[in-house]
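Today I am looking up salt bridges. My notes follow the structure.

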Amino acid sequence: MQIGCSAPTSGPLIGPDSLTRVAQEAEMLGYDYVTVSDHVMIPTSIASRYPYSDSGEFPSGAAAERLEQLTAATFIAASTSKLRIVTSVMVVPHRPAVLTAKILATIDYLSKGRLTLGIGAGWCEEEFIAIGALPFAERGAVTDEFMMVCKELWTSDAPKFDGKYVKFKDVLFPPKPVQKSIPIWIGGESGPAMRRTAKYGDAWYPIGTNPQFPMDTLDRFKAGAAKLRGMTEKAGRDPKAVSLAYRVSSNPEAQPKGTVDGQRKLFTGGAADFAGDIKALRDIGVTSFDFGMFGPSLSATIDNMRKFRDDVVAKVR
């Protein structure tokens, strides 16, 4: 079982000293990985529905200063030696496919194989337009093709590709990632995200609090995992080839203990509740968990990380 925490890529803790301190503290405390989030630019007017709030509005603090995800991942890799870095998640259509494959291979090569690629198709049409990405309506097809491009470039000695959006042949692409192929975790809880996971994902990586597709109770998550197993078999793959991960946006005490349909809501309440939820999900096959632990200052964030290690992680390992 792996447990991770978020590294600051937006807000007041993105300075090089703060970011380094959080990453190195995570490594010293025994966290297995840190996550880095992805937005290239935030439009000032957003009509697109944000998936993870009841209102559909993007959080009010989202307009804060923000680092580019893959550059931040490289910086973290250079300041640590054992810690894995998980993109949580990389919006695949935001960057050209071949360039993305090269950047990711470079991060994995220089970090000696410590990159995990969490991916999503994106939700903010206004951001797609602002950065000149391929059409938002085609983001699912773009995501799948771009991932096939990455796999081809990472694994083939004579890579070639003839797709709708990307075409190449007679090229070389060394160095390859240190890992045979960088693990791909598919973010999202919708049907398309689950089909993407079943088709080529190494892990399913949902957030429990999507109001449209909630995975916020044990029974709901079990149902989602069972559905995924069926989809994976239908895609001609062994369900055991697809791991289960779970992302939590908050730390203990951030949300009071709650119930849904008479069942306790996952990852609400205190440290004992969190430890119990980790154990319950671990027992049904979840192998990776990560949590947001940001406080109002660097010292508060470090305190949250240490307290979580002592009060939660120590109880489940």
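Is D261 buried or exposed? I looked up its relative accessible area, which is 75%, so D261 is exposed. The model I am reading is a predicted one.

Entry 1, the partner of D261. I found that the side chain of D261 forms a salt bridge with that of R220, at 3.5 Å from N to O. The two residues are 41 apart and belong to distant parts of the chain. D261 lies in the loop between β10 (259-260) and β11 (263-264), while R220 is in helix α7 (residues 218-234). I noted R220 as partly exposed because its relative accessibility is 28%.

Entry 2, R264 and D277. I saw that these side chains also meet in a salt bridge, with an N to O distance of 2.3 Å. This pair, too, links distant parts of the chain: strand β11 holds R264, helix α8 (residues 271-283) holds D277, and 13 residues separate them. D277 has a relative accessible area of 7%, so I put it down as buried. R264 has 24% and is therefore partly exposed.

Entry 3, R282 and D283. I recorded a salt bridge here with the closest N and O atoms 4.0 Å apart. D283 is exposed, at 62% relative accessible area, and R282 is partly exposed, at 33%.

Entry 4, a network. I noted that salt bridges link R21, E25 and R306 in a network.

Entry 5, the count. How many salt bridges are there by this rule? The count I wrote down is 16. As a general remark, side chains of opposite charge can pair when their charged atoms come close.

Technical notes:
Residues are numbered from 1 along each chain as its sequence is written. This is a predicted model: local features need pLDDT of at least 70, side-chain atom pairs count only at pLDDT 80 or more; totals for chains, interfaces and linings use all residues. Side-chain values use heavy atoms; hydrogens and water are left out. Helices (H or I, at least four residues) and strands (E, at least two) are DSSP runs, numbered from the N terminus. Buried means under 20% relative accessible area, exposed over 50%, partly exposed in between (1.4 Å probe, protein chains only).
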